[in-house]
Amino acid sequence: MDLFEYQGKQYFARFGIPISKGGVADTVEEAVAQAEASGYPVVVKAQVKVGGRGKAGGVKLAADVDEVRTHAGNILGLDIKGHVVKRLWVEHASDIDKEYYASFTLDRSAKKHLGMLSAEGGVEIEEVAVTNPDAIALLHVDPVDGLSLEAAREWVDRANLDEPARAQAAELLVKLYTCYTEGDCDLAEINPLILTPEGKVHALDAKVTLDDNAAYRHPEWDDFAGSDVEDERETRAKERGLNYIGLEGSVGIIANGAALEVINSDPAVRSIFVNIFGGITRVDEVAKGVLEALDRVEISSPIVLRLDGTNAVAGREILADHLSDRLVAEPTMLDAARRAVALAGGKS
Ligand code: GDP
Ligand code: MN
């Protein structure tokens with residue numbers, strides 16, 4: 001589950017990460033009230049779960065009540081990359097000396113946590129990764145060892161943060177790591193992490209993705225879930241204990257489990273690609289599952305199956321009598337992908 005910035009900041013605050021004083025507002029008058037409470041100047045920020053709000057006009061500084069009214073009025077209802085702004089976060093504005101970047105995520109291939117730290121924050125980190133990859137200091141953290149203050153200090157030195165920021169940044173990074181691990185995040189990102197002219201380091205933005213698999217030990221996360229209108233497809237999948245991610249494009253992809261009914265309900269999907277390499281899941285069981293699903297529901301799109309792995313031969317035999325131009329089997333992933341694209345009406 002992705003959090004809004006204001007929720008991410010509240011989560012950070014729980015772990016002692018410094019943030020600016022502020023509050024949420026759903027109307028212009030609420031924005032004014034939050035501005036008065038936070039103290040001018042303030043920054044009025046669109047709460048949408050998409051990056052690049054600043055560039056899209058969703059982050060504005062306001063020196064007085066008139067400017068708060070103007071900006072709040074403009075930002076509420078603004079469409080940012082398809083996300084309509086319904087809520088604002090209004091916080092006391094900071095003076096910025098330097099903008100840094102800091103994040104933790106999981107590096108699956110290394111089987112370790114991966115910290116990224118850069119003195120070149122504020123801009124999109126993907127941009128830095130392309131134009132100046134050396135400006136990002138990476139740190140792999142073994143989950144068994146955790147992140148010590150000493151290791152964080154070395155990391156901050158390596159990333160070349162400005163001298164007055166280093167000690168505070170190291171402490172903050174240990175807190176961010178604790179938030180990421182104990183708080184069960186898939187991603188905890190601060191961009192920008194700032195150094196103020198007064199020499200204070202704190203988080204100006206928050207991007208947090210919670211690990212849904214850990215929700216059972218976080219009853220407090222219910223507050224986060226309730227505040228968001230979920231994608232209907234994702235809700236329907238969740239009711240069945242499945243994960244569904246609504247994407248652009250017209251090929252529905254099933255990588256696991258019997259998600260056919262959910263994918264079938266997505267009006268954008270025009271062909272369905274079932275790509276199973278059976279390991280623990282046996283292919284003959286998958287084949288039976290597909291046939292059962294076809295019996296139960298009217299599938300509106302042609303299905304392309306690529307079934308390989310454990311019991312693949314038995315699986316293909318089960319399907320043999322049922323193949324048609326609406327149910328196609330291909331031997332390899334590439335063939336199947338091409339076929340799915342062709343059936344969706346695209347070029348392959
Ligand atoms: P994003 O564009 O969605 O990543 O939103 P951010 O919260 O990162 O804000 C975008 C930019 O607005 C930041 O990189 C800052 O340059 C600027 N900004 C945000 N808050 C403040 C603030 O309190 N003071 C000042 N001076 N600039 C701010
Ligand atoms: Mn940002």
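**Notes on the ligand and metal sites**

1. Around ligand 1 there are 15 residues, with Lys45, Arg53, Gly54, Ser94 and Glu99 the closest; a residue is near a molecule if one of its heavy atoms lies within 4 Å of it. Please keep in mind that this is a predicted model, in which local features need pLDDT of at least 70 and side-chain atom pairs pLDDT 80 or more, while totals for chains, interfaces and linings use all residues. Residues count from 1 along each chain as written, chains are lettered from A and ligands numbered from 1 in written order, and side-chain values use heavy atoms, without hydrogens and water.

2. By type, the shell around ligand 1 holds seven nonpolar, four polar and four charged residues. Here Ala, Val, Leu, Ile, Met, Phe, Trp, Tyr, Cys and Pro are nonpolar, Asp, Glu, Lys and Arg charged, and the others, Gly among them, polar.

3. Now for the oxygen atoms of ligand 1. A polar side-chain atom of Glu99 is 2.8 Å from one, and polar backbone atoms of Gly52 and Asn191 lie 3.4 Å and 3.2 Å from an oxygen atom of the ligand. The protein buries 80% of the 560 Å² that ligand 1 exposes when taken alone (Shrake-Rupley method, 1.4 Å probe).

4. Asn191 also serves the metal: its O and the OD of Asp205 coordinate the manganese ion (ligand 2) at 2.2 Å (donors are N, O and S atoms within 2.8 Å of the metal, or 3.2 Å for Na, K and Ca; water is not among the atoms, so sites may look incomplete). Both Asn191 and Asp205 are buried, meaning under 20% relative accessible area (1.4 Å probe, protein chains only).

Methods:
A polar contact is a pair of N or O atoms within 3.5 Å; within protein, one must be able to donate a hydrogen and the other to accept it, and residues adjacent in sequence count only if both atoms are side-chain atoms. Buried means under 20% relative accessible area, exposed over 50%, partly exposed in between (1.4 Å probe, protein chains only).
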